[in-house]
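Colleague: I am new to this one. Could you walk me through how to read it, feature by feature?

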Amino acid sequence: MNGEHIHSAFDRDLEQLQADLVRMAGLVEQALRDATNALVTHDTELAAKVRREDKRIDALEDAINEEAARLIALRAPLAGDMRLVLSVIKISGHLERMGDYAKNMAKRTDLIADHPMVETAPAVLKRMANQVIAMMHQVVEAHISQDSALAHEVRDSDAEVDQMYNSIFRVLLTYMMEDPRQIAPCMHLHFIAKNLERIGDHTTSIADQVIYAVDGLRPDEDRPKADLTSVKDLTGS
Amino acid sequence: MTQNRAKIRTEGVNVHYGATHAIKDVTLDIPDKTVTAFIGPSGCGKSTFLRCINRMNDTIDVCRVTGIITIDGEDIYDRRIDPVQLRRKVGMVFQKPNPFPKSIYDNVAYGPKIHGLARNRAELDEIVEKALRRGAIWDEVKDRLSEPGTGLSGGQQQRLCIARAIATEPEILLMDEPCSALDPIATSQVEELIYELKNNYSVVIVTHSMQQAARVSQKTAFFHLGTMVEYGETDEIFTNPRDERTENYITGRIG
């Protein structure tokens, strides 16, 4: 799909929709960065900011949905245009959920700020966060440039996030078994890791939407998965 | 979607208007009991191609049609085929409603009369009523059948013309932009009718409205510069066309 619409207002509407989506992705990325830093540095102030800013993300999702509905009603988009509008609606939904996960991380940061930090956990969580942020970057880039090959790369790299989640799961489990007083903070850290893992999944779903918008096809369900945290594996029973 | 058998088959059809090569090598199968839409920019050849199916182009001296067009396996350009008989089998509805300057009744009765489809008045009455009912206009005109057809509203006139076209029991109905002169309500009524008609006929419709093609047809063919660029399931063409020219046309882009 290339070339401009004969109705230039159609192009302007689509550009507006894309601009809002990019702004929303930027806010989610910032929330994720801040939530991670707040966790690692015990910064409750920064965590509070993440919780406040989530309202802006939610408002942008509403705005995008309204604009998309208006565009469908007035312009009746077809083919590639229609797929693009549908994908923007879905992507904004995923971004909104990702924002919620960042907010949830910020809440838990408050709860564990007083506890001495489990040694290796913050470093692994930070690495995990960096990985999902990089994936987010890539998937937004893939959306903007309508590059399905790049979106496929993002899908494939989610396996790394899953692996990191597995390893931190094991670490936290070990801590909890050794010292029951660590159970509460470790549970919170585990939920944070799970949040990051879920954010990775949403990023992958966004990649699926990009592939649909560009190629008109739903990617197969054969992407690499690496969640190996079944109880049986861990306890060896 | 289940595929109905091909009612109309065309193979390597070319149409020349004098020096102009209007249709270039079009091969396609049009299924029975299905609405097939022809879309494309003005001058792309879709109407010309439609008119090949009931040999309307015969009336134009400089027009030359080559290739094969068959209906139910029978070559309609065969010398033994009588175009008048062919057109009874292949009805046509035009862009602007064109009722005869006669009563509503006579508009519909005309075809069956000249083709000798009714033996007496009672049979003719029956044919007229049936056609008007199928044309979804019976309830609106049943009390004024003797009034002139030209006195009806545009939408009613078009439905009257459709009733007139189906009164001779055709097997195929060709429609050349049947709604372009109608308001949205009348358009919806005609579209609903087209959708109904597919249960009995093979309907081929030329339209400039993408939305109309999407609403009424199951198959869509996109024409461009005399060539048939793409032909497939309507939902496929409008959600994920294969050819860039189709995409550019239906999304309203400068090609």
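Modeller: Start with a single pair of residues in neighbouring strands. V15(B) has I23(B) in β2(B) as its bridge partner. Keep in mind that this is a predicted model.

Colleague: How many bridges join strand β1 of chain B to β2(B), and in which sense do the strands run?

Modeller: Eight bridges join β1(B), residues 6-17, to β2(B). The two strands run antiparallel.

Colleague: What is the order of strands in the open sheet that holds β2 and β1 of chain B?

Modeller: Read the order across the sheet, not along the chain. Here four strands of chain B line up as β2-β1-β4-β5, with antiparallel pairing. An edge strand pairs on one side only; in this sheet these are β2 (20-31) and β5 (74-75) of chain B.

Colleague: Which strands make up the six-stranded open sheet of chain B, and how are they paired?

Modeller: The order is β6-β7-β8-β3-β9-β10 in chain B, and the pairing is mixed. Its edges are β6 (90-93) and β10 (227-233) of chain B. On average, neighbouring strands of this sheet are turned by 15° against each other, with direction ignored.

Colleague: Do β6(B) and β7(B) pair in the parallel or the antiparallel sense?

Modeller: Parallel, over four bridges; β7 of chain B covers residues 172-176. For one position, look at V93(B): it stands opposite M175(B) in β7(B).

Colleague: Now the helices. Why does the end-to-end distance of helix α5 of chain A agree with its residue count?

Modeller: Count residues, then compare spans. At 1.5 Å a residue, the 31 residues of α5(A), 148-178, should span 45 Å. The end C-alpha atoms are 47 Å apart, so the two agree. Look at the start of α5(A) too: a side-chain oxygen of D147(A) comes within 3.1 Å of the backbone nitrogen of A149(A).

Colleague: At what angle do the axes of α5(A) and α6(A) cross?

Modeller: Roughly 170°, and the axes come within 9 Å; α6 of chain A is residues 183-215. Angles over 145 degrees count as roughly antiparallel, so α5(A) is roughly antiparallel to α6(A). Sorted by class, their contact has 19 nonpolar, six polar and eight charged residues.

Colleague: Which residues of chain A does UniProt list for "domain: PhoU"?

Modeller: The unreviewed UniProt entry lists residues 21-109 and 125-210 of chain A. Check each span in the model. Residues 21-109 of chain A are 94% helix and 0% strand, with end C-alpha atoms 28 Å apart. For residues 125-210 of chain A, the figures are 92% helix, 0% strand and 27 Å.

Methods. Residues are numbered from 1 along each chain as its sequence is written. Chains are lettered from A and ligands numbered from 1 in the order in which they are written. This is a predicted model: local features need pLDDT of at least 70, side-chain atom pairs count only at pLDDT 80 or more; totals for chains, interfaces and linings use all residues. Side-chain values use heavy atoms; hydrogens and water are left out. The expected span of a helix is 1.5 Å times one less than its number of residues. A polar contact is a pair of N or O atoms within 3.5 Å; within protein, one must be able to donate a hydrogen and the other to accept it, and residues adjacent in sequence count only if both atoms are side-chain atoms. Axes are lines fitted to C-alpha atoms, for helices over the stretch in contact, and angles run from 0 to 180 degrees between N-to-C directions. Angles under 35 degrees count as roughly parallel, over 145 as roughly antiparallel, 65 to 115 as roughly perpendicular and the rest as oblique. Ala, Val, Leu, Ile, Met, Phe, Trp, Tyr, Cys and Pro count as nonpolar, Asp, Glu, Lys and Arg as charged, and the others, Gly among them, as polar. UniProt positions are given in the numbering used here, feature names are shortened, and annotations may be inferred rather than shown by experiment. Two strands pair if DSSP finds at least two bridges between them.
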